[in-house]
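Please read the points below with the sequence and the structure open beside you, and look up each residue as it comes up. The points go from confidence in the model to sheets, cores, rings and a few single residues.

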Amino acid sequence: MKQLKSIAIVLAGLAATAWTGGSIAQQVTGTLGSPSATTTIPGNQLPAPPPKFGGVIKDGALQSKPWWPPRVVPPKGAPNVLLIITDDAGFGVPSTFGGVIPTPAMDRLAKDGLRYNRVFSTALCSPTRAALITGRNHHSVGFGVISEQSTGFPGYNSIIGVDNATIGRILLDNGYNTSWFGKDHNTPAFQASQTGPFTQWPTGMGFEYFYGFVGGDANQWQPNLFRNTTQIYPFKGQEGSWNLITAMADEAIDWATRMHQTDPSKPIFIKYAPGATHAPHHPTKEWVDKISAMKLFDDGYQKLRERIFANQKKLGVIPSDTQLTPWPDKILKPWDQLTAEEKKLFIKQVEVFAAYAAYSDHEIGRVIQAFEDLGKLDNTLIIYINGDNGTSAEGGPIGTPNEVAFFNGVSVPVDVQMKWYDVWGTEATYNHMSAGWSWAFDTPFDWFKQNASRLGGINQNMVVSWPARIKDKGGLREQFVHVIDVVPTILEAAGIKAPAMVDGIKQKPIEGTSFAYTFDARNAKPRHNTQYFEMMGQWALYKDGWFLSTKVDRAPWDAFGAANDDPLNNQVFQLYNLNEDFSQSQDLAAQHPQKVKDMRAMFLAEAKKYQVLPLDGSVAARVIAPRPNITAGRTEFVYTRPMVGLPQGDSPLLLNTSYTITADIDVPAGGAEGMLLTSGGRFAGYGFYLLKGKPVFLWNLLDLERVKWEGEEVIAPGKHTVEFDFKYDGLGVGTLVYNSFSGLGRPGIGTLKVDGKVVATKKMEKTLPIILQWDESFDVGSDTLTGVNDADYRPPFAFTGKLNKLSVKVDRPQLSPADIKTLQAAMKEKAKAD
């Protein structure tokens, strides 16, 4: 006890400890055992083992001496951390790096901090974000692809293992308040329902407070929004005026203020991840009007590219000898070859995108200002990463009013898109822009999100501000940095050690390298020297400035063909010296065949080390593939009372299959109407409901066509059975095993019955092959968020009768031996052709 007291006396009243570039010795304040005592912890084991009781226990309390365990705090001087990552934004988007879209919040931080021009992502959303919060490569933590594409291999199952503690968990156990606002694309799609488990939700991964959406994207006007693990609907009654981009900034400011007012001495960590600029592009009208008035895009995407490129050289954020690769005429029509209608539509598309980016940066600026208003900005480490990958081209060459159409392989013609011209970006669209703009926004690089072998898909930019620490204000840093380097940098800045054990489980080593050394040293030698890249069969390797890459074999919108059956070897290899060729424009493979060979072998070694194998070149096929959700292995689902909010990844899937839906209902005197069952919403889905007393089953095919079965007679008061039966005429998802989409999206015949009597029969000539609207849920007894047919009803459209029982029976197609033989033969023929 005397020893502990002496330690307390020596360390009591410690002045703020300057940042020392690593973990520091234990610090204690106050007298140990007193209610006010605090301590840092070694950090090698989390949570820290409880300290030995230091008081005295006798038979009676009056003869005993109490002793309180000290409260765990971070090291003195540990900064607040604001980690910002935007979505689907390439190098040329922000004004900070030469873009034409105003990003004053990012500009402000760059002026007071550092700009980084060699920051690398993984080429896709979930994978980058998993790497960002764990400090480990995306395959190492199960996120080789997005959760919606997960497969049953360790590098691809979308499960961040318990041996990969996140930055949230590490900081939390070291005395930080931790939070996450915005996009959560790291909860497995098959663990997103209210049955949990919640261990893979932000709150289960060390982020004490979560306010945001779960999944790849969300309708910003009416999102699938959660506070911690409870779905909330703050936009109800404010449709058309409420927007998540503003709401999450409000929420983050409120949370930071509450934490500060509760305990000003406790540092806070915020992961701030807006949905912008992932589709749907949903800015407010105010921002659309501002950007439209600037006339930034009237001369087209090729001129935009040239203008951004000139700006970048003028700012000095790229080398003066950087070269642009040629415009890809074969896949993106040159601007001067577009029709007047195409130009008009494409300009509208990009103005909405730009408004979304500017709007998001403005709201980020409000969050930054809140730190200053609280007096916290000086000791706040702000890391603002522009994009989790390059700009998205998932709208295809002509854009789309409905991104769900892209994910089902449907391109919407320009003349049809014009129907939505005046409401582009509003709640009436799930919009995306022409890929020509995406190519321009990735300047000075080429290609897009998904393309892990091209810098346009993976070379982001970033600003870092820490006024109390960074002195080279406005400086540029050109060292290689990868998103896995962010966690070790934060830990070094805070003086906290990466744990060896968490909850008794040995942790995998952090795979990133801190870039805190760049805060002081402008020209320091890079410390992150080797890095692999891989996404859906396209791959690359960085080694000391050299970059081996596979030639792009498909555009991002070409996601529905047969996959490359040997993505490790069936490639054209390219080689670049990024030390001398900033934009990856000069292929040197022919001059250095041995280096190509050596780097191929090095990639394979990295792939084995980090769980990258088996390589898989498929894209859309993985979206529809079976997963271990709560419906796996089941063919019948029964509901005896209304419920809402069951996510797509955990609800019965009625695509590419036969099924029967049966509802036992009581219709009261005066009749009934309302929703019995629905899944999806305005942009794709189905609904089974009574409309003015008549039974209806409706399929919304991408907001382009609606197929409707409707009874002619009103259902009389009393007990009734209403049934919809669908017979699918196809082989189903089993064909995907043989690299074939032939079993998907086939026709079928639907039959609507009341009390066993057929009241409507109709053939669907085509069905949705891949996915419903992912941010809308499976609802029984009413409809949440948007409806499947605005002409018939508006949510919630609760059923006004009594729903006694609703059952869904699924009869999935099974391949016959003859089917398998045919598919195998076709697969062999394709392999020969390749």
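1. The mean pLDDT of the protein chain is 95, and 97% of its residues reach 70 or more; what you see is a predicted model, and the exception to keep in mind is residues 1-22, where the pLDDT is below 50. In the model this stretch has 30 contacts beyond near neighbours in sequence. Where pLDDT is low, the predicted coordinates should not be read in detail.

2. An open sheet is built from three strands in the order β1-β2-β4, and its pairing is mixed. Because β1 (28-29) and β4 (71-72) stand at the edges, each has a single partner strand, and one side of each is left without a neighbour in the sheet. Strand β2 (residues 38-39) pairs with β4 in the parallel sense over two bridges, and Val72 in β4 is the bridge partner of Thr39.

3. Strand β13 (residues 459-465) deserves a careful look, since seven of its seven residues are buried, so that the strand is largely enclosed by the rest of the structure. In a regular strand the side chains alternate between the two faces of the sheet. Here, Asn459, Asn461, Val463 and Ser465 point one way from β13, while Gln460, Met462 and Val464 point the other way, and all are buried.

4. Which strands pair with β13, and in what sense? Strand β6 (residues 114-120) runs antiparallel to β13 and is joined to it by five bridges, with Met462 in β13 as the bridge partner of Tyr116. Strand β12 (residues 380-386) also pairs with β13 in the antiparallel sense, over five bridges, and Ser465 in β13 stands opposite Ile382.

5. The largest nonpolar core has 136 residues, and those with the most contacts inside it are Tyr211, Tyr272, Phe688 and Trp699. Helix α5 (residues 244-262) gives the most to this core, with nine residues. A second, separate core has 53 residues, among them Leu132, Phe226, Leu381 and Val502. To see the surroundings of one core residue, select Phe688: not counting residues up to four places away in sequence, Phe688 touches residues including Ile661, Met675, Leu677, Val696, Phe697, Phe724 and Leu752.

6. The structure holds 55 aromatic pairs. One of them is formed by Trp539 and Phe603, which are stacked at 3.9 Å centre to centre with 15° between the planes. The pair links distant parts of the chain, with Trp539 in strand β19 (residues 538-543) and Phe603 in helix α14 (residues 593-609), 64 residues apart. Both Trp539 and Phe603 are buried.

7. For another pair, turn to Tyr686 and Phe697, whose ring centres are 6.0 Å apart and whose planes are at 15°, so the pair is stacked. Tyr686 lies in strand β26 (residues 684-691) and Phe697 in strand β27 (residues 694-701), so the pair ties together parts that are 11 residues apart in sequence. Tyr686 is buried, and Phe697 is buried as well. Elsewhere, a single aromatic cluster includes Phe297, Tyr301, Trp327, Trp335, Phe353, Trp437 and Trp557.

8. Two lysines should be checked against the ring of Tyr421: the charged end of Lys344 sits over this ring, 4.8 Å from its centre, and Lys348 lies over the face of Tyr421, at 4.9 Å from the ring centre. Tyr421 is also in contact with Leu345, a residue of helix α8 (residues 340-373).

9. Is Leu345 buried or exposed? Leu345 is buried, because its relative accessible area is 0%, and buried means under 20%. Leaving aside neighbours within four places in sequence, Leu345 is in contact with Ile398, Val414, Gln417, Met418, Tyr421 and Trp424. Of these partners, Gln417 is 72 residues from Leu345 in sequence, yet the two are 8.0 Å apart in space, C-alpha to C-alpha.

10. A last residue to examine is Thr229, which lies in the loop between β9 (225-227) and β10 (230-232). Thr229 has a relative accessible area of 19% and therefore counts as buried, since the limit is under 20%. Apart from its neighbours within four places in sequence, Thr229 is in contact with Gln194, Phe198, Trp201 and Thr203.

Note on methods:
Residues are numbered from 1 along each chain as its sequence is written. This is a predicted model: local features need pLDDT of at least 70, side-chain atom pairs count only at pLDDT 80 or more; totals for chains, interfaces and linings use all residues. Side-chain values use heavy atoms; hydrogens and water are left out. Two strands pair if DSSP finds at least two bridges between them. Helices (H or I, at least four residues) and strands (E, at least two) are DSSP runs, numbered from the N terminus. A nonpolar core is a set of buried Ala, Val, Leu, Ile, Met, Phe, Trp, Tyr and Cys residues joined through side-chain atoms within 4.5 Å. Buried means under 20% relative accessible area, exposed over 50%, partly exposed in between (1.4 Å probe, protein chains only). Contact means heavy atoms within 4.5 Å. Rings of Phe, Tyr and Trp (its six-membered ring) pair if their centres lie within 6.5 Å; planes under 30 degrees apart count as stacked, over 60 as edge-to-face and the rest as tilted. A charge sits over a ring if NZ of Lys or CZ of Arg is within 6 Å of the ring centre and within 35 degrees of the ring normal. pLDDT is the predictor's confidence in each residue, from 0 to 100.
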